[in-house]
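Student: I am new to this structure and would like a close look at a single part of it. Could you take me through the helix and its surroundings, step by step?

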Amino acid sequence: TPPQLIGGRCSLRSRPVPVRNLGLGYHSPETVLFRYCGGGCPPNPPSNHGLALQHLLALGGAPGGAPGGPC
């Protein structure tokens, strides 16, 4: 697993997240390792991954800067 980087730099981050917290309508007891780019990354076009990340940010579950595009 890549290390989680903290700060304003664009980097790959990961966090264990319960599936039910992804905001995609699945109510599962499973936990997934959610990976996302955070920091000063360029924006991505809309996607299910982006929608889930926005939902996690709204819940306060994806710390470490704003989501962005490719790392």
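Tutor: Here is a walk from the whole protein to the helix, and then to what lies around it.

Please keep in mind that this is a predicted model. The protein has one helix and two strands, and along the sequence they come in the order β-β-α. Of its 71 residues, 28% count as buried. Among the contacts with a separation of 6 or more, 55% are between residues 24 or more positions apart.

Now to the helix itself. Helix α1 covers residues 48–59. With 12 residues, α1 reaches 17 Å from its first C-alpha to its last, which is close to the 16 Å expected at 1.5 Å a residue. Just after α1 comes G60, and its phi is positive, near 80°.

Which residues of α1 are buried? They are A52, L53 and L56. These three cover an arc of only 100° around the axis, so they sit on the same side of α1. The cover over these buried residues includes both β1 (11–18) and β2 (31–38). When you look at the model, try finding A52, L53 and L56 together with these two strands.

Turn to the other side of α1, and you will find L51 and A58, which are exposed. Why does L51 count as exposed? Its relative accessibility is 55%, and exposed means over 50%, so L51 passes that cut-off. L51 also takes part in something beyond the helix: together with L24 and Y26, L51 makes a nonpolar surface patch of about 330 Å². As a backdrop for that patch, the accessible surface of the protein comes to about 4600 Å², and 60% of this belongs to carbon and sulfur atoms.

Finally, let us visit β1, one of the elements that cover the buried residues of α1. S14 is located in this strand. Is S14 buried or exposed? S14 is buried, because its relative accessible area is 5%, and buried means under 20%. The C-alpha atom of S14 is 6.3 Å from that of Y36, although the two residues are 22 apart along the chain.

To put the helix together once more: A52, L53 and L56 are its buried residues, with β1 and β2 included in their cover, while L51 and A58 are exposed on the other side.

Terms used:
Residues numbered from 1 in each chain as written. Predicted model: local features only at pLDDT ≥ 70, side-chain atom pairs only at ≥ 80, totals over all residues. Heavy atoms only, no water. Patch = residues over 30% accessible without salt bridge, like charges linked within 9 Å, V, L, I, M, F, W, Y side chains within 5 Å. Areas by Shrake-Rupley, 256 points an atom, 1.4 Å probe, with all protein chains shown as cover. Salt bridge = Lys/Arg side-chain N within 4 Å of Asp/Glu carboxyl O. Helix = DSSP H or I, 4+ residues; strand = E, 2+ residues; numbered from the N terminus. Buried < 20%, exposed > 50% of the residue type's maximum accessible area, 1.4 Å probe, protein only. Expected span 1.5 Å × (residues − 1). Arc of directions from axis to C-beta. Contact = heavy atoms within 4.5 Å.
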